[in-house]
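The exercises below are to be worked through with the sequence and the coordinates side by side. Each one sets a task and then takes the solution in steps.

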Amino acid sequence: MMMLEVTNLEVAYGLSQVLFGISLRAGSGEIVALLGRNGAGKSTTLKAIMGLLPIREGHIHLRGREVTGQPPYILNQLGIGYVPEDRRIFHGLTVRENLLVGALPERRRSKRGRQDGWDFERVFELFPLLSGLVERKAGTLSGGEQQMLSIARTLMGNPDVLLLDEPTEGLAPKMVHALEAQIGKLRDAGLTILLSEQRVKFALRLASQAYLLERGRIVFHGGTEELMANEAVRRAHLMV
Ligand SMILES: Nc1ncnc2c1ncn2[C@@H]1O[C@H](COP(=O)(O)OP(=O)(O)O)[C@@H](O)[C@H]1O
Ligand SMILES: [Mg+2]
């Protein structure tokens with residue numbers, strides 16, 4: 001089933017248009033990479049999907065249902081989880097409190113009818129590092145630990161679709177390595193993930209297909225092997 005479908009998306013900040021006809025699709029349980037250099041429009045695309053920016057043109061469908069123009073809290077209830085670039089954890093709250101903030105009320109959980117919901121136990125199984133830090137103030141965690149907490153908090157809302165904005169940005173190699181395995185496990189658990197990255201090799205090891213953005217336009221779309229095999233695209237856009 002097509003989980004997430006974006007069609008001809010156009011987004012502007014005031015008078016300055018930054019997305020020009022972005023179309024992309026993600027099937028259920030698939031990781032789709034959104035690649036591109038700084039300023040290409042990756043974050044803007046994810047924010048627009050999450051209802052955080054007004055959509056000038058285009059459509060967004062979730063499980064075949066049109067959700068264009070819905071506010072973030074509705075999209076959240078419908079199953080989209082967003083992990084922003086700057087992580088946005090609550091620095092003054094403990095790890096446990098941050099996770100509680102992300103948890104959906106029981107009522108909504110049951111309404112969504114999911115049996116495989118996320119709780120503390122499951123989150124700590126995926127991120128064992130966090131389990132030893134439950135009472136620590138989130139602001140005292142390392143960048144990698146904060147990134148894991150940010151993902152963990154979003155998982156507590158039981159999303160079906162995860163929008164991950166440059167999760168490896170600024171992380172130590174060891175953390176990047178750990179995160180790769182963890183994101184792979186999320187896919188194996190059935191989540192659909194739209195993964196924005198500048199770290200191309202990292203993203204392509206996880207994703208089954210990739211979209212390459214440049215100045216607000218999709219300049220390449222294909223399977224990850226196809227992308228790596230395409231010398232011209234690699235040299236012109238990816239520097240790998
Ligand atoms: N709040 C904003 N106001 C005006 N322009 C913005 C804003 N945020 C991003 N932009 C511009 O939109 C373009 C795409 O940015 P962004 O989506 O953040 O790219 P990426 O995430 O790929 O680095 C850039 O030219 C950037 O300068
Ligand atoms: Mg960005």
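**Exercise 1.** Which residue of strand 5 stands opposite Leu62?

*Solution.* Leu62 stands opposite Arg65 in strand 5. Before going further, note that this is a predicted model, in which local features need pLDDT of at least 70 and side-chain atom pairs count only at pLDDT 80 or more, while totals for chains, interfaces and linings use all residues. Residues are numbered from 1 along each chain as its sequence is written, and chains are lettered from A and ligands numbered from 1 in the order in which they are written. Strands (E, at least two residues) and helices (H or I, at least four) are DSSP runs numbered from the N terminus, and two strands pair if DSSP finds at least two bridges between them. By that criterion strand 4 (residues 57–62) pairs with strand 5 in the antiparallel sense, over 2 bridges.

**Exercise 2.** Place this pair in its sheet, and state which strands stand at the edges.

*Solution.* The open sheet has 4 strands in the order 2-1-4-5, with antiparallel pairing. Strand 2 and strand 5 (65–66) stand at the edges, and because each has a single partner strand, one side of each is left without a neighbour in the sheet. Helix 1 packs on this sheet and touches strand 1 (2–13), strand 2 and strand 4, its direction making about 70° with that of strand 2; contact here requires C-beta atoms, placed from the backbone, within 7 Å, and the angles, from 0 to 180 degrees, are taken between N-to-C directions of lines fitted to C-alpha atoms, for helices over the stretch in contact.

**Exercise 3.** Describe the second sheet and the place of helix 1 against it.

*Solution.* An open sheet of 6 strands has the order 6-7-8-3-9-10 and mixed pairing. An antiparallel part of it is the pair of strand 9 (residues 209–214) and strand 10, joined over 6 bridges, in which Tyr211 has His221 as its bridge partner. Helix 1 packs on this sheet too, touching strand 3 (31–35), strand 6, strand 7, strand 8 and strand 9, and its direction makes about 150° with that of strand 7. Since 7 of its 8 residues are buried, helix 1 is largely enclosed by the rest of the structure; a residue is buried if 20 or more other C-beta atoms lie within 10 Å of its own, exposed if 12 or fewer, and partly exposed in between, with C-beta atoms placed from the backbone.

**Exercise 4.** Examine the surroundings of strand 7 (residues 161–165).

*Solution.* On one side Val161, Leu163 and Asp165 are buried, and on the other Leu162 and Leu164, which leaves both faces covered. Strand 6 (residues 80–83) runs parallel to strand 7 over 4 bridges, with Gly81 partnered by Leu162. Strand 8 (residues 192–197) is also parallel to strand 7, through 5 bridges, and there Val161 stands opposite Thr192.

**Exercise 5.** Which helix gives the most residues to the shell around ligand 1?

*Solution.* Helix 1 gives the most, with 3 residues, and strand 2 (16–27) and helix 1 (42–49) each supply at least two. Among the residues around the ligand are Tyr13, Ser16, Gly36, Lys42, Ser43 and Thr44, where a residue counts as near if its C-beta atom, placed from the backbone, lies within 6 Å. Of these helix residues, Lys42, Ser43 and Thr44 are among those buried in helix 1.

Note on methods:
Contact = placed C-beta atoms within 7 Å.
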